[in-house]
Amino acid sequence: LESMDYDRFDIDLLIIHEYGVYFQNIPGKVNWFTLKEADNYWFKNYDVEIAVQEGYATKHIAHRNSKALKIAWVHCDFSSFHWTTGFYKDNAEEQWCYSQLDRIVFVSGQTLQSFNQLFPDVQTVKQVIYTPINQGKILAASQSLSIHKNKMTLCCVGRLIECKGYLRLIPI
């Protein structure tokens with residue numbers, strides 16, 4: 001959302017939960033609302049609908065009766081962390097939802113490969129687009145702290161969640 005051209009696009013963002021690590025980063029030009037406030041959303045016609053996360057968001061746009069181009073992002077490796085199972089009654093329902101989309105975007109070749117192993121019958125157009133990273137913002141943040149090293153220093157950057165494997169990294 002930080003890199004969108006708001007002169008070309010009007011963006012509505014349906015928020016499932018009003019919390020999370022990225023909630024505070026929603027740009028001011030984004031019209032956001034929660035499920036509780038979504039009355040007008042149900043009847044609005046969009047050109048594109050994007051499920052930015054697996055699970056509920058994907059299921060939601062798969063079931064929406066609209067003519068919009070429907071896209072879902074997959075960020076995780078389902079072969080090692082199939083966390084979305086609680087949103088569907090079984091794998092067949094999840095597979096059906098992905099089959100209702102026009103395009104599925106994967107953040108890596110590994111996420112695409114694991115998806116294809118789990119859902120081999122989904123014929124939706126699939127592509128890999130690496131997660132966009134604002135290098136300038138990261139470099140600027142790196143200059144804000146000076147680290148004085150007497151030994152070799154290792155730095156690992158990422159969210160502290162189980163599937164990232166930090167508990168394995170510490171002993172390594």
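A residue counts as buried when its relative accessible area is under 20%. The legends below describe a predicted model.

**Figure 1. The whole chain holds five helices and six strands.** In this predicted model, the elements follow one another from the N terminus as β-β-β-α-β-α-β-α-β-α-α. The C-alpha trace extends about 60 × 40 × 25 Å along its principal axes. The chain has 172 residues, of which 31% count as buried. Among contacts with a separation of 6 or more, 42% link residues that are 24 or more positions apart.

**Figure 2. Four strands form an open sheet with parallel pairing.** The order of the strands across this sheet is 3-4-5-6. Strand 3 (48-51) and strand 6 (125-128) stand at the edges; each has a single partner strand, so one side of each lacks a neighbour in the sheet. On average, neighbouring strands are turned by 20° against each other, direction ignored.

**Figure 3. Strand 5 and strand 6 run parallel and are joined by four bridges.** Strand 5 comprises residues 103-106. Its residue F106 has V128 of strand 6 as bridge partner, and I104 stands opposite K126 in strand 6. As a general point, side chains in a regular strand alternate between the two faces of the sheet.

**Figure 4. Helix 1 and helix 3 in relation to the strands.** Helix 1 (residues 56-63) packs on the sheet and touches strand 3 and strand 4 (69-74). The direction of helix 1 makes about 150° with that of strand 3. Helix 3 (residues 109-118) lies across strand 4, strand 5 and strand 6, and runs at about 150° to strand 6. Together, strand 5, helix 3 and strand 6 make a right-handed β-α-β unit.

**Figure 5. The surroundings of T58 in helix 1.** The relative accessibility of T58 is 0%. Because this value is under the 20% limit, T58 counts as buried. The side chain of T58 reaches the backbone oxygen of Q53 at 3.3 Å. When neighbours within four places in sequence are left aside, T58 is in contact with A51, Q53, A72, Y88, Y98 and L101.

**Figure 6. The surroundings of T111 in helix 3.** T111 has a relative accessibility of 4% and therefore counts as buried. A polar atom of the T111 side chain lies 2.7 Å from the backbone oxygen of S108. Not counting residues up to four places away in sequence, T111 touches V74, H75, C76, D77 and F106. Two of these residues appear in other legends: F106 has V128 as its bridge partner in strand 6, and C76 is treated in the next view.

**Figure 7. The cysteines C76 and C97.** A search of the whole structure finds zero disulfides. C97 is in no disulfide, and the nearest cysteine sulfur, that of C76, is 15 Å away. A disulfide would require the two sulfur atoms to be within 2.5 Å. C76 has 9% relative accessibility and so counts as buried. C97 is also buried, with a relative accessible area of 0%.

Notes. Residues are numbered from 1 along each chain as its sequence is written. This is a predicted model: local features need pLDDT of at least 70, side-chain atom pairs count only at pLDDT 80 or more; totals for chains, interfaces and linings use all residues. Side-chain values use heavy atoms; hydrogens and water are left out. Two strands pair if DSSP finds at least two bridges between them. Helices (H or I, at least four residues) and strands (E, at least two) are DSSP runs, numbered from the N terminus. Axes are lines fitted to C-alpha atoms, for helices over the stretch in contact, and angles run from 0 to 180 degrees between N-to-C directions. Contact means heavy atoms within 4.5 Å. Buried means under 20% relative accessible area, exposed over 50%, partly exposed in between (1.4 Å probe, protein chains only). A polar contact is a pair of N or O atoms within 3.5 Å; within protein, one must be able to donate a hydrogen and the other to accept it, and residues adjacent in sequence count only if both atoms are side-chain atoms. A crossover is right-handed if, with the strands pointing away from the viewer, the path from the first strand over the helix to the second runs clockwise.
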